[in-house]
Amino acid sequence: MNLSPENHFKAVIAHAKEYGFVFQSSEIYDGLAAVYDYGQMGVLLKNNIKDYWWRSMVQWNDSIVGIDTAILMHPTTWKASGHVDAFNDPLIDNKDSKKRYRADVLVEEHAEKLRQKADKEVSKAAQRFGETFDEGLYRQTNPRVVEYLAKADALMTRFVTALEAGDLEGVRQVILDEGIVCPLSGTKNWTEVRQFNLMFGTKMGSVAEGATDLYLRPETAQGIFVNFLNVQKTGRMKIPFGIAQTGKAFRNEIVARQFIFRMREFEQMEMQYFVAPGTEMEWYESWKAARMKWHHSLGFSPSKYRFHDHDKLAHYANAATDIEFQFPFGFKELEGIHSRTDFDLKNHESHSGKKLQYFDPERNESYLPYVVETSVGLDRLFLAVFSTAYQEEELPDGSTRTVLNIPAALAPIKAAVFPLIKKEGLPEVARALFQRLKREHYVVYDEKDAIGKRYRRQDAIGTPVCITIDHDSLIDGCATLRYRDSMEQERLPLDAIPSRLRELVSFEGLLE
Ligand code: ATP
């Protein structure tokens, strides 16, 4: 069934709650904005995604090791990293709707609308001209397309220049000159633009006067940078090498919407790759390609992913791109890939007074390594998988089913075992198989309701296979496997089932 993107997203959120994937945090107190909890199914899916990332990055990569650093760090860390001074979002309020927006998001969305207008012209022309259509030429020469694209570029250049110069009045002027209105009130009645720091502060120590001001880390990367030499020396690592970690990060996001897409407490999976100065662009390109390939390995359509190179570089980067994913609310950042130069190590050296240089035996010299970072949000990846997997299907017999086509290796429950009926020796055989499979995988046993109903329950949580024991099983020692996606059935000897299941849900399956 074709739901509109908006209704699809609503159905996704409702389904996530109904089946124990994601709950609003502290719901009985009416919730805490932009903070979420993962339920009994959600935690399994989330752990599987994390596990697949960790294996791909650490276990299968000879040059990368993993660590796990603390959320609380010495406060000078955030001076050195630039977060105290520069981790800000420019805010603007609409006086009529009283709604608060990120100025950069308003302007970028406006530029995107102009680009979409150009795309519309192009696709209209493509239809008109048919096979003879030369899209490249049309984009370069059609006056209307050229005008829309030039407008979008000029707008972004003007905006980025103002923002980088810290000219907040200039930023506001761009919004006014472009006639950007509040989507809610439809008016241009804007306040001044202000900068707002996104870090959460907290205090350490028992007495108020002696307490130290700390921050909850806004990214996991700094835990890696400050441990760079510890890992390099104790692991006898040679450049190029990487350090990976997963963990919570906290940002006091102003505009927190879209379910678990933008949260105030979230989880990152980051990897910093340390390379020799001058080689960083090669590594940047190669990590861009490797990460895109990894996303494609999940099996969703490659057309759902695209690169978006940054116009405005973060304070630490000399090149940056996002891997964007087509969420139900449009293409949005899923992962960031940044060439961070030696910005972080250099600043930690100067703020700590400790040398962080690496001696390169091949070059016979010491230097501060350059860094290429890949940083993906675990919750965003969860949302990408969950929202794409969610389908309401119409079946040939006219009935419908809700199914989560989660890649089998990531599915929370790998198999469900059913006795066809609750008596005549079938439950005993089914339970024995269940006990055997459960040592290796998350599996469930279910004997309630008709078999069709039991299939639907498993489809709704994404279980890739259901295994039914019937009367014939007692005679031939076989069971029926029914597959989630194709709904096809296969009869296999009980003894062959563990290896069949292992093969079906293995991470290697994704790599192929
Ligand atoms: P955005 O532009 O969406 O705010 P960002 O560019 O600030 O994201 P990075 O600092 O590059 O994000 O963080 C790396 C990754 O961490 C992002 O690609 C995203 O997947 C994830 N992430 C960042 N902020 C959040 C958040 N508030 N909630 C959930 N995930 C987040």
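In this predicted model, the ligand is surrounded by 17 residues, and the closest of them are Glu253, Arg262, Met263, Glu333 and Leu334. Sorted by class, the shell around the ligand comes out as 7 charged, 5 polar and 5 nonpolar residues.

Three polar contacts are worth walking through, and they fall on consecutive positions of the chain, namely phenylalanine 261, arginine 262 and methionine 263. Arginine 262 works through its side chain, where an N or O atom sits 2.7 Å from an oxygen atom of the ligand. With methionine 263 it is the backbone that takes part: one of its N or O atoms is 2.8 Å away from a ligand nitrogen. Phenylalanine 261 also uses a polar backbone atom, which is 3.4 Å from a nitrogen atom of the ligand. As for how much of the ligand ends up covered, the protein takes care of 87% of the 590 Å² of accessible area that the ligand has on its own.

Looking at where the shell comes from, the elements that supply two or more residues are β10 (265-275), β13 (330-341) and β16 (370-377). Of these, β13 makes the largest contribution to the shell, with 5 residues.

Zooming out, the domain assignment splits the protein into three pieces: domain 1 (40-72 + 220-398), domain 2 (88-197) and domain 3 (407-511). Domain 1 is thus listed as two segments, while domains 2 and 3 are each given as one. The C-alpha centres of domain 1 and domain 3 are 36 Å apart, and the two domains do touch: 14 residues on the domain 1 side are in contact with 15 on the domain 3 side. Together they bury about 1300 Å², and carbon and sulfur atoms account for 79% of that. On the domain 1 side, Met41, Leu44 and Tyr52 lose the most area to domain 3, together making up 35% of what that side buries.

Finally, a couple of backbone oddities turn up. Most peptide bonds are trans, and most residues other than glycine have a negative phi. The peptide bond from isoleucine 239 to proline 240, however, is cis, with omega near 5 degrees. Proline 240 belongs to the loop between α10 (228-234) and β9 (241-250). The other case is asparagine 364, which has a positive phi of about 55 degrees despite not being a glycine. Asparagine 364 is also a loop residue, placed between β14 (358-360) and β15 (365-367).

Methods: Residues are numbered from 1 along each chain as its sequence is written. This is a predicted model: local features need pLDDT of at least 70, side-chain atom pairs count only at pLDDT 80 or more; totals for chains, interfaces and linings use all residues. Side-chain values use heavy atoms; hydrogens and water are left out. A residue is near a molecule or strand if one of its heavy atoms lies within 4 Å of it. A polar contact is a pair of N or O atoms within 3.5 Å; within protein, one must be able to donate a hydrogen and the other to accept it, and residues adjacent in sequence count only if both atoms are side-chain atoms. Accessible areas come from the Shrake-Rupley method with a 1.4 Å probe; for residues, only the protein chains shown count as cover. Helices (H or I, at least four residues) and strands (E, at least two) are DSSP runs, numbered from the N terminus. Ala, Val, Leu, Ile, Met, Phe, Trp, Tyr, Cys and Pro count as nonpolar, Asp, Glu, Lys and Arg as charged, and the others, Gly among them, as polar. Domain bounds come from an automatic or database domain assignment. Contact means heavy atoms within 4.5 Å. Buried area is the accessible area (1.4 Å probe) that two parts lose on being put together, summed over both.
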